Each structure stands twice: as structure tokens, then as C-alpha cells.
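Let's take a walk through this protein together. Have a look at the structure first, and then we'll go through it piece by piece.

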Amino acid sequence: MSRAIFGNIRLAVRAERENADATLKRVASLGLLDRSRKVLERGCYVEIPVTKSVSGCEMITQEKPAFYKRTPDLAEALQSELSLADLDLLPRGWYIQGSVIVVKIHPDLSRHQYRIGQALLDFYPRCCTVLRDHGIEGRFREPVRETIAGFKTETVHRENGVIFNLDAAKVMFSAGNLKERMRMSLLGKDEFVVDMFAGIGYFTLQMAVHSRPRRIMAIELNPNAYQFLCQNIRENHVEDIVEPILGDCTEVTPVGVADRVVMGMVQVTDRFLLKGIQALRPGGILHYHQTIPTVMHPARAVQDVTDAAKILGRRAEILRCVRVKKYSPGMVHAVVDARIEGAR
Ligand SMILES: C[S@@+](CC[C@H](N)C(=O)[O-])C[C@H]1O[C@@H](n2cnc3c(N)ncnc32)[C@H](O)[C@@H]1O
């Protein structure tokens, strides 16, 4: 709701810490939470921003409210230039990789794409290029992207203390996998890890920088992505941990030695599952990524892992199923963590 509608943009409920969760739930269920401001902790009290007085609660006027950053609004910026129907089709979200903005644009707005690109650049002075995203294709899972403002597509993206050099027009970097990259950054200490689909080092580098495995074998087939992988290993100073390998994981994945195997591919990952499991020593951990119908989550991915283990005369103990993101209508990107017991 707009702040202007409600004169007092500092109105808040003051609740004692121990009652804060219950009060927050009540305020939200009444539809009175002001989502433009942050909930603040002040000593033994919590300030919950609201749009109107809430009966039965202690009301205050906040001395120092904290506002969420508002996503810039393309419709507002282009309202005098586009028809109402076109304004309605404008993208409401985009993501930023280093100095490059990546945006999906409705096909009916193609004639306005360069104007949209310029408007996005105006929002973010530190960015220099805007790419229109047309999806991902091919065995290398390369993005199909068109430059609609600026020209420089090589950039440096920083995330959780890791430097990723990449060319946003040529290699993918999934914003939706952020949580999974963060999860991987906490795993692998002192282990021998095999990353079968390393890309530019999405999981490998988070692990290497933060968890310091003994060794990571990072396998990548696409020479473009491999070149950035090598550069990123150097610039993150993990040459002593990560061994980059340009090759097909069906040919170069080792057998029976890994403590942990990351299979960060989607759609066709099941074709590589036997190789992934064979790489593990008894008791090693597998992270199997796959895209599956939402209604079959997580059973389908779990079944893939247990069936493949059985074929190899091994047993899979399912440790965790993670829903990484919605992939497409009716499909989710899932990860199954499994301990693989049994013979080498
Ligand atoms: C989907 S991308 C990695 C995505 C990444 N996990 C993320 O979080 O964004 C998959 C990578 O696997 C690579 N790849 C595909 N087939 C391969 C194979 N047989 N051996 C090694 N790498 C392969 C592709 O080139 C691509 O860089």
C-alpha cells in the first residue's frame, strides 16, 4: 500500500521481544503491516511498522524508521511514452550481474526494447550494459541474450566474498540458485570434492573460498566457461585447492575416491547419475540436481538416486531434499542430498 494514503509513515506497534512473533503474525493477518518499512529491534522491544492503529497494542511514532529500498518502476519512468496496454506488459523485475542488467521483455514490447534498456541504465548508474534474455539453450546451457543498451558484457560479479568473472552474454549465472550456492559454501571442509558440471565455478568457488576442502576437481566441458573458471580460481586464490579440468565428465570423473560429488546440472542430470555415484567412496555424499514436475517433488528425484544406486549394488540414504526454485510453469529445480553406502 502507498505510504501517501496513510498520513503517518512512522506509526508502529511496540511489542515486547517475547511477544513479537505473535504480534507480527496478528498485524499481518489484519492486513495492517507496512511492508515499506523494516521491523526493528530496540533493546527489549520490537517495533512493527503498521499502516493504521491496531487495537489492543501499544502504538508509537517511530523516531528512526528504516525503509526497504524500492525497486525502481519502469512504468513510472516510461508513462508518458508508452500506451497503457504496453505499460502493463513492462517487466517488473530483472537481475544484475556485476555491471550488467539482465531482463526478460514481453515479445509485444520488442519495438520499445532499446528505450527500456536505456531506462534501466538510468536507474543504475554503476551499470553499463543491458541484455535482453531469451532463455538458455544447448548442452552447454548457454544463455541467448541480446544487447539492448551499452556494449560491454564481460563483468565481475561479487557474491558472498567470492569474485566471479564472467561474460553475461555467453555464460549463465543463475540468480535463483543463490541459496544453494550459500549452502554449498558451508560444506566440504577437508574433503575431496568432485564438481561434475563446474561452469565458471558457481559451487566450486563458494566451497573453496569458505570451506577449504582438501581438493576440488572441477570439470567443465564448455571452453568459454572453462576459461572463466580458471581465471576465477586464480583471482580467488584457491589454486592450491581447485584443479580445473576441461573435459566431459562422463570420461574424466574419477572412480571411488570422492567424499562429495556435486551434480549441478538440470534436465538431463539422470544420464550422468551412475558416473556421479561411482565417483564416491563408501559413505560419500551426493548432491543431485534435477528439474522435475512440481507435483512429483521430491519423489521423482529421490527415485532417480535410489534406482541408480541399486543398479550399482549400492544403497542411497536420503539426507535432505531441497527445492531450489521454480524452474518453469509446473516444474521445480530440486536437489537431493544422499549418502551413498556400499562397495567401491
Ligand atoms: C547448468 S550449468 C551449471 C549451473 C550451475 N550449477 C549454477 O548454479 O548456475 C551446467 C554446466 O555444465 C557443463 N556441462 C554440460 N555437460 C557437461 C559434461 N558432459 N561434462 C562437463 N561439463 C558439462 C555446461 O557447459 C555448463 O557450464
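Val193 sits opposite Arg260, a residue of strand E14. Keep in mind that this is a predicted model. The pair belongs to a bigger pattern: strand E11 (residues 192-195) and E14 run parallel and are joined by 3 bridges. E14 also pairs in the parallel sense with strand E15 (residues 280-293), this time over 5 bridges. In that second pairing, Val261 has Leu286 of E15 as its bridge partner. To get from E14 to E15, the chain passes through helix H9 (residues 273-278), making a right-handed β-α-β crossover.

Here are the two strand pairings side by side:

| Strand pair | Sense | Bridges |
|---|---|---|
| E11 (residues 192-195) and E14 | parallel | 3 bridges |
| E14 and E15 (residues 280-293) | parallel | 5 bridges |

So how enclosed is E14 (residues 258-263) by the rest of the structure? Largely, because 5 of its 6 residues are buried.

Now zoom in on Val261. Leaving out residues up to four places away in sequence, Val261 touches Val194, Met196, Gly276, Ala279, Leu280, Gly284 and Leu286. Val261 is also one of the residues with the most contacts inside the largest nonpolar core, along with Leu286, Tyr288 and Val305. That core has 71 residues. Its largest share, 6 residues, comes from strand E17 (residues 331-341). Domain 2 (74-152) and domain 3 (174-341) each supply at least three residues to this core. There is also a second, separate core of 10 residues, with Val13, Val27, Val46 and Ile48 among them. As a general rule, nonpolar side chains in soluble globular proteins tend to be buried together.

What about the domains? The domain assignment lists domain 1 (6-61), domain 2 (74-152) and domain 3 (174-341). Taken over C-alpha atoms, the centres of domain 2 and domain 3 are 31 Å apart.

Last stop: Lys325, which you'll find in strand E16 (residues 315-328). Is Lys325 buried or exposed? It counts as partly exposed, because it has 15 C-beta neighbours inside 10 Å, while a buried residue needs 20 or more. Not counting residues up to four places away in sequence, Lys325 touches Gly176 and His333. You can also compare its position with that of Ser110: the two are 215 residues apart in sequence and, C-alpha to C-alpha, 28 Å apart in space.

Technical notes. Residues are numbered from 1 along each chain as its sequence is written. This is a predicted model: local features need pLDDT of at least 70, side-chain atom pairs count only at pLDDT 80 or more; totals for chains, interfaces and linings use all residues. A nonpolar core is a set of buried Ala, Val, Leu, Ile, Met, Phe, Trp, Tyr and Cys residues joined through C-beta atoms within 7 Å. A residue is buried if 20 or more other C-beta atoms lie within 10 Å of its own, exposed if 12 or fewer, and partly exposed in between; C-beta atoms are placed from the backbone. Helices (H or I, at least four residues) and strands (E, at least two) are DSSP runs, numbered from the N terminus. Domain bounds come from an automatic or database domain assignment. Two residues are in contact if their C-beta atoms, placed from the backbone, lie within 7 Å. Two strands pair if DSSP finds at least two bridges between them. A crossover is right-handed if, with the strands pointing away from the viewer, the path from the first strand over the helix to the second runs clockwise.
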